[in-house]
Each structure stands twice: as C-alpha cells, then as structure tokens.
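Please open the model in a viewer and switch on backbone torsions. The tour goes from one selection to the next and says what is there.

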Amino acid sequence: GVLHGADIHAEAMTVRYPLPSFLPGTPIGERSFAGIKNVVRVFARNGHYFAVDEHDNVICQDSPTACIQESILYANSKGGGVVKLRGKFYLSQSVQVSNISNIDIVGENAELVAPVNGPPWSILYISSASSLRIRNIKFNGNKSNLPTANYTSQRALYNLIQIYSSTGIIIEGNEIYNALAAGLALIQTSYSVIKGNYVHDNGTSSLPSDGMYSYQGQYNSYVGNVIANVTDTGIANDDPQYLTIVGNVIVNPGVQGISLYAADQYTASHSVVAGNVIYQGGRGIVIGGPYNLDTAMITGNSIIHQSISGIELSNASHISIADNAIRYAGQQNILIGSSWWGNYTCYNVVIKNNIITDSNGINIVTASSLVDIIRNKIIYNSASQKPYSITGPATIEGNIYNDINTGNTYYDENSGVATMPANATSVTVNHGLISTPSKVLITPGGNLGTCYVSSITSTSFTITCSTAPSANTPIYWYAEV
C-alpha cells in the first residue's frame, strides 16, 4: 500500500499547467498569482497520503491534515506557490494556518471531509492571509457525524471554511456542502472575491446554518454563486462596507435569502445587491438592524415565493430599490420600517420601476418612514389584497396598478377631457385613480362661468359650473392621489 521511489515520482508528475498573466484591473490578490513557480502536490492513494515538493521530494506522509497544512506552509516559505490536492481526504483535525501569502490551493478531483475531532470542526481555519486562492475543491461538512452538544456557544467553530483577518482572498469553483454552520465565513476580511461556488444542504431543522457569512468586511464581492437548501440565510453579512452581491442564485433558504445587518456600533454602508435570484425562502432581502445601515442599491433582483416578504428594511437610510421583480410573498412584497429585529424609521428610501405582484397581503407596506414610490407596476387582486398601506411621509407618483380581480387598471395620477352637456351645469368624471385624489385641477374649454369640483370619492368627482353651455363643451382635468 505504501508508495516508494518510482511510484511516488509517477504520481507526482502530473501535468503542470501555467497560471495566466493577469491584466491590470484584475481584483486585488489575483494579480499576485501571476508567475508563481513552486508547486506542491498532495494526494491520496490506497488509504495513504503524500505531499511532494516541486522536486518530487516527500515532505509529508500519511496524515491528511498534516500533509495539507505542511504543503501550504512549505509553499509559503518559498514566497508563494501552488498546492494541488488530489483524492479524498478524511481530516483528523482542522487544517489551521496563519500568516501566509501568494498561495493557490487547487483541487484535482479533490474532496476534503470535515474532522470529527475539534474544536474547531472546520476544514480550513485560516488567519492573517493575503493573496490566497482556493478553487475546484469539494468541501464535505460531514454534519451527521459531528458532535453538537456545544453548537450554540461554539457555532463559529463549525464554519466549514473560516478565514479571519485576511485580505485579497479568492474562493471560486468549489462545492461546499453538508456544513453544520456556515459553508464559508469571512471574519474581518476584505478585498475578497467569492465566485462560482455551489453551496448546499447546510444545517439541520434544529441547527440553523448560513450558506455564506461575513462579519465586518470591506470591498468583498459575491458573484455567480449557487446556494441551495440552507437552514438560515443564503448570504449573510453583518456590518458590511462596500459590499457587492451580484448574479447569485439562492434557492430555499430557511430564513432569508440575503441580509445586510447592522449588528454593532460599526459603520455599515455602501452595498450593492444586483441581479440575484431568490426563490422559496422566508424573507428575500433584509436590510438594517439595531444600528443604522446607510446607502445600499437593491436592483435587478428576482425575488419569488417568499413566505413572509420580498424585501424588508428597518433602520436603514439612503436605500434604492429599483428594477426588481418581486412576486408571491406570503405577507407583503416590500416592507419598510419593520423587521424581525424591531420597528425603526427608514429615511430616503426610493422604490422605483419595480414589478410587484400577487402578495397574499399588501404589496407595499411602509411604517413611519420617508419613502418615494415612483413608476412601479403593481399587480394585485382586490378580492383579498391591497396595493399598498402607507404610514408616514411618502411621495407616490407614476405607478400603474392592475387589479386581476376586476381587470381594471388604475393610476396615481391621471388626466382627461370631460364633456359638459348642452344646457347642463354638472358632470361626473370617473378619474381612474387607485384611491381618492388629493388634488383635482380643471380648465373649462368654453364659457361655463365659475366652475368647481365636489363629491370627490375613490372612483369619481363632480364638476359644477354656474353657466350652462348651449352646446357640448370640453373641460380638461388632472387628478392625483
């Protein structure tokens, strides 16, 4: 079973492929991988594990944890390098390294299985790293075999990949699954890119688990990941700054799809959440917290079949919710000023150009917040739903409302031409607004004397004039809610 001499040499002599020379403008960290020369190979064969250097010298044997760990440290001692993993590794303990840089850890049909011995029960536990890339590896959380007695107090120690106090991290093309806690956790880590990973089946019905989690990070990006069947939040972010979440697909998150949460007295600000698909969760996108979260753009997302709400804001300011499609929420498609952590006023929220349809309750709900609701298309069923419920100052203009119960279309503002019949002094106008207008302006098109508006209701108003015309005479009108 143990390899010797020519066998080790043959196993080690796999194809050595060059790393690309990255162009200017590539994210920080990625440029650092250009020109890396040192390659260390770690492989499993016949129940044994080996690590060999670029000269095919054996640097570790038979401990999967030690072989991976020593290979990373060896490459780091050379100023950086590539660590290639092949085979299935049943870790005896977590791989723990710190103060490393310019390391590319790449899998070639590699699977790492989380250790049952801990703490921690992580596969990778990395701190103070820079320019680190992890790619093309299966990370198996082994959740059914891990001890859970201390899970509540030690949840962070169950994160499958945990990276702490690092910068320039790239995690791409991995499968991360069966984690008991988060599949990936970035703690006080910045300038990192998480892209193209498949994260699934994390947590249990009694032990909530995030797909990906970050805490107090800056300039991090989540791009093109697929996250499915996690029991808490798909992508959870506490106290983020300059965060980008773009083009991810999140299916069946147990609690929330994406959260931007201001957890501490720390500035949480300037995030973009764009082009994501969130399907069949509890809440789609949740923003705010006990402390104010400032400045976020929520744009171009598709949020479908959430059991509670599509988008929730509480204690958030300068938020743009634009060009999203939000459908089939259990209670409300958009909720402003209230969420699970409490009711807090939101300021300078713009809800614009969204398609909002078929909430089981009310499509848009605002509570004591300053909101602009502009040019949205809102589809509802008047037999059981309302288009909106507004509490607090709001600008509502240019929206279109389709009532699928009656087939009617309503507006926030409308205009038209009424006709005062010959020899009459009053005419009733159906204004077509979603609710009773707050303003009605009229301009007679002929000599009708003094004219005024009365009997203003949710469906019509009456124009009365002091002089009856001898022929049908137009009256131009404008009304807004």
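The stops below concern backbone geometry in a predicted model.

**Stop 1: the cis peptide bonds**

Select strand 6, residues 101–113, and strand 7, residues 124–127; the loop between them holds Pro119. Pro120 lies in that loop between strand 6 and strand 7 as well. Now display omega for the bond joining Gly118 and Pro119: the peptide is cis, with omega at about -5 degrees. Step on to the bond joining Pro119 and Pro120, where the peptide is cis too and omega is about -10 degrees. Pro119 therefore takes part in both bonds, as a partner of Gly118 and as a partner of Pro120.**Stop 2: Ser128**

Move to the loop between strand 7 and strand 8, the latter spanning 130–140, and select Ser128. What is the sign of phi at Ser128? The value is positive, near 55 degrees, in a residue other than glycine. Is Ser128 buried, partly exposed or exposed? Its relative accessibility is 34%, so Ser128 counts as partly exposed, since that class lies between under 20% for buried and over 50% for exposed.

**Stop 3: Ser368**

Go next to strand 31, residues 362–367, and strand 32, residues 371–374; Ser368 is found in the loop between them. Display phi for Ser368: the angle is near 50 degrees, a positive value in a residue that is not glycine. Colour the model by relative accessibility and read Ser368 at 43%, so this serine counts as partly exposed.

Conventions: Residues numbered from 1 in each chain as written. Predicted model: local features only at pLDDT ≥ 70, side-chain atom pairs only at ≥ 80, totals over all residues. Heavy atoms only, no water. Helix = DSSP H or I, 4+ residues; strand = E, 2+ residues; numbered from the N terminus. Buried < 20%, exposed > 50% of the residue type's maximum accessible area, 1.4 Å probe, protein only.
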